[in-house]
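This report describes the pockets, the cavity and the aromatic contacts of one protein chain. The sequence and the structure come first.

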Amino acid sequence: MIVKIPPEVDSILQILTENGFDACVVGGCVRDSLLGKKPKDWDVATSAVPQETKRVLSGFPVIDTGLKHGTVTVLTGALPVEVTTYRIDGTYSDGRRPDRVTFTRLLREDLSRRDFTINALAFRRAGELVDEFGGRDDLAARLVRCVGDPDRRFREDGLRVLRALRFSSVLDFSIESGTARGIHENRSMLDGIAKERIRAEFVRLLCGPGAQRVLRDYRDVAARFIPEIAASFDFPQNNPHHPYDVWEHTLKTVSAIEPDPVLRLAMFLHDLGKPYCYTESPDGTGHFYGHAVKSALLAEKVLRRLRFNRKTAETVTLLVRRHDLPLSADEKILRRRLNLLGETNLRRLLKIRAADTLGKSTADRERLVQIDGIRAALERILAERQCFSLRDLAVGGRDLISAGVPEGAEVGRTLGRLLRAVIDGECPNEKEKLLEYARLEKGGKNS
Ligand code: ATP
Ligand code: MG
């Protein structure tokens, strides 16, 4: 059998079928099974309307997830399973969702409303694959192709424009030529789509193995919801370290970093400000002084517009702002960087620097060896539990007060100075030595 239906899901199919309804698993789970991947979740579709589904599955807890759209969630064993009635989406007048959903008893009609042929596959528990639109061939050919006329399908629901790119990137599939044309021509349909939905698809696109290719081929589409990138397109850098224009460099760095949303977003946005900071020295060499700060300002705007959560937006913006921060294997400098960024973000910054290097001239590759050296020094500092934050300092506010520092702001200021002294190697992180240092410092100041 090509599709291994989990027992919980199979028992739902069995009950529906034994009660005279048609039922199957459909969409992503069939697609992923045929690709030899483990499906994330299993969607059941059936000719039973929700009331009928609830009646025959009354032995299980059932939640009314979206009755109007025909969806109930059945709680069986470990995984909740969505069971949706076969439906026909009526006319679309807003480019987002059907005006009205009607139920149908026919699987074929349900499959015909689905977006891409590879997502319009169904599988019945008897072992029958239902493939009305050539989805299996497209899987074999690694193609994203609309079910039906691409132009019509994209005008019905603009999100499909971006979903096509997401599937192309995540599965590393090409896009069939008619579908590709439909995507370019209907990119403005994305204007009417909720930013949250755009964000969700875009992040998945960005984290897919085909991100570089998709963003290169469909930059006009990405610029529809992130217009800030357009200034980077074909913007030459005129710099011996940079054989690529700003956009091409950006794409190379995106695919050079691991597929983690924060890291991929940081690479995607890290040089956004470059076109606004361009200067040339007399010999014609290009420079981009201050571009990291400008990029961070633009990144913040982009992330806010796409409704990223605050934590993600702040972290990505910080990494973009600091992507050029001088780093070295010198322990004193690294302790300062740890103090500024914290361990997690400093580790991220090292990955960003490696990816940035991979997007530059191959002559600069020895920089990767330096980055490895910096990482080794970082590991040593952390393994030795060296002090780089107030939390690690061997004295606290109470110790200072007992030693005669007046309560209030002076305590915080003194702690800050002591931490600086420890980070810079001017004082060991030992309580007596630190108190002594504080006394001497004070004495020095008074004399
Ligand atoms: P994954 O869960 O891995 O993202 P999936 O194919 O399950 O992939 P979902 O977004 O969960 O994607 O959608 C489930 C199914 O519903 C799809 O396979 C597709 O058949 C259909 N579908 C989802 N969104 C749309 C849409 N905007 N237009 C048409 N059909 C859609
Ligand atoms: Mg799914």
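A residue counts as exposed when its relative accessible area is over 50%, as buried when the value is under 20%, and as partly exposed in between. With a value of 53%, Gln51 is therefore exposed. Gln51 belongs to helix α3, which covers residues 50-56. The C-alpha atom of Gln51 lies 67 Å from that of Leu419, a residue 368 positions away along the chain. The model is a predicted one, and every value in this report is computed from it.

At the other end of the scale is Thr85, which lies in strand β5. Thr85 has a relative accessibility of 1% and is therefore buried. A polar atom of the Thr85 side chain is 2.9 Å from the backbone oxygen of Ala48.

**Pockets and cavity**

The table lists the open and enclosed spaces with their volumes and the make-up of their linings.

| Space | Volume | Nonpolar residues | Polar residues | Charged residues |
|---|---|---|---|---|
| Largest pocket | About 1,300 Å³ | ten | seven | 24 |
| Second largest pocket | About 500 Å³ | two | nine | eight |
| Largest cavity | About 30 Å³ | four | three | one |

Which residues lie nearest the centre of the largest pocket? They are Arg87, Arg113, Arg114, Asp115 and Arg163, out of a lining of 41 residues. Helices α2 (28-34), α7 (159-171) and α9 (195-206) each supply at least two residues of this lining, as do strands β2 (43-46), β5 (80-85) and β6 (87-89). The biggest contribution is that of α7, with five residues. Strand β5, where Thr85 is found, is thus also one of the elements that line the largest pocket.

The second largest pocket has 19 lining residues. Nearest its centre are His241, His242, Asp324, Asp356 and Lys360. Strand β13 (286-287) and helix α16 (331-358) each give at least two residues to the lining of this pocket. Here α16 gives the most, with three residues.

By the cut-off of 30 Å³ or more, the model has one cavity. Its lining consists of Ser232, Trp247, Thr250, Phe268, Leu269, His270, Asp271 and Leu272. Helices α12 (246-256) and α13 are the elements that give two or more residues to this lining.

**Aromatic pairs**

A pair of aromatic rings is described by the distance of the centres and the angle of the planes. There are eight aromatic pairs in the model. In one of them, Phe116 and Phe167 meet edge-to-face, with 6.0 Å between the ring centres and 70° between the planes. This pair joins distant parts of the chain, 51 residues apart: Phe116 is in the loop between α4 (107-112) and β8 (121-124), and Phe167 is in helix α7. Phe116 has a relative accessible area of 0% and is therefore buried. Phe167 is buried as well, at 3%.

The rings of Phe202 and Phe268 are 5.3 Å apart at their centres with planes at 70°, so this pair is edge-to-face too. Phe202, in helix α9, and Phe268, in helix α13 (residues 261-269), are 66 residues apart, and the pair again links distant parts of the chain. Phe202 and Phe268 are both buried.

Which residues do ring pairs link into a cluster? The members are Phe202, Phe225, Phe233, Trp247 and Phe268. Trp247 and Phe268 also appear in the lining of the largest cavity.

**Charges over rings**

Two arginine side chains can be described together with the rings they cover. The charged end of Arg166 sits over the ring of Phe167, at 4.1 Å from the ring centre. That ring is the one paired with Phe116. In the second case, the charged end of Arg199 is placed over the ring of Phe308, and the distance to the ring centre is 5.8 Å.

**Recurring elements**

Two helices come up under more than one heading. Helix α7 gives the most residues to the lining of the largest pocket and holds Phe167 of the pair with Phe116. Helix α9 supplies at least two residues of the lining of that pocket and carries Phe202, whose partner is Phe268 in helix α13.

Methods: Residues are numbered from 1 along each chain as its sequence is written. Chains are lettered from A and ligands numbered from 1 in the order in which they are written. This is a predicted model: local features need pLDDT of at least 70, side-chain atom pairs count only at pLDDT 80 or more; totals for chains, interfaces and linings use all residues. Side-chain values use heavy atoms; hydrogens and water are left out. On a 1 Å grid over the protein atoms alone, a cavity is a set of points where a 1.4 Å probe fits but cannot get out, and a pocket is an open set with protein on both sides within 12 Å along at least five of seven lines; lining residues have an atom within 4 Å of a point. Grid points are joined across faces, edges and corners, and a volume is the space filled by probe spheres set on the points. Helices (H or I, at least four residues) and strands (E, at least two) are DSSP runs, numbered from the N terminus. Ala, Val, Leu, Ile, Met, Phe, Trp, Tyr, Cys and Pro count as nonpolar, Asp, Glu, Lys and Arg as charged, and the others, Gly among them, as polar. Rings of Phe, Tyr and Trp (its six-membered ring) pair if their centres lie within 6.5 Å; planes under 30 degrees apart count as stacked, over 60 as edge-to-face and the rest as tilted. Buried means under 20% relative accessible area, exposed over 50%, partly exposed in between (1.4 Å probe, protein chains only). A charge sits over a ring if NZ of Lys or CZ of Arg is within 6 Å of the ring centre and within 35 degrees of the ring normal. A polar contact is a pair of N or O atoms within 3.5 Å; within protein, one must be able to donate a hydrogen and the other to accept it, and residues adjacent in sequence count only if both atoms are side-chain atoms.
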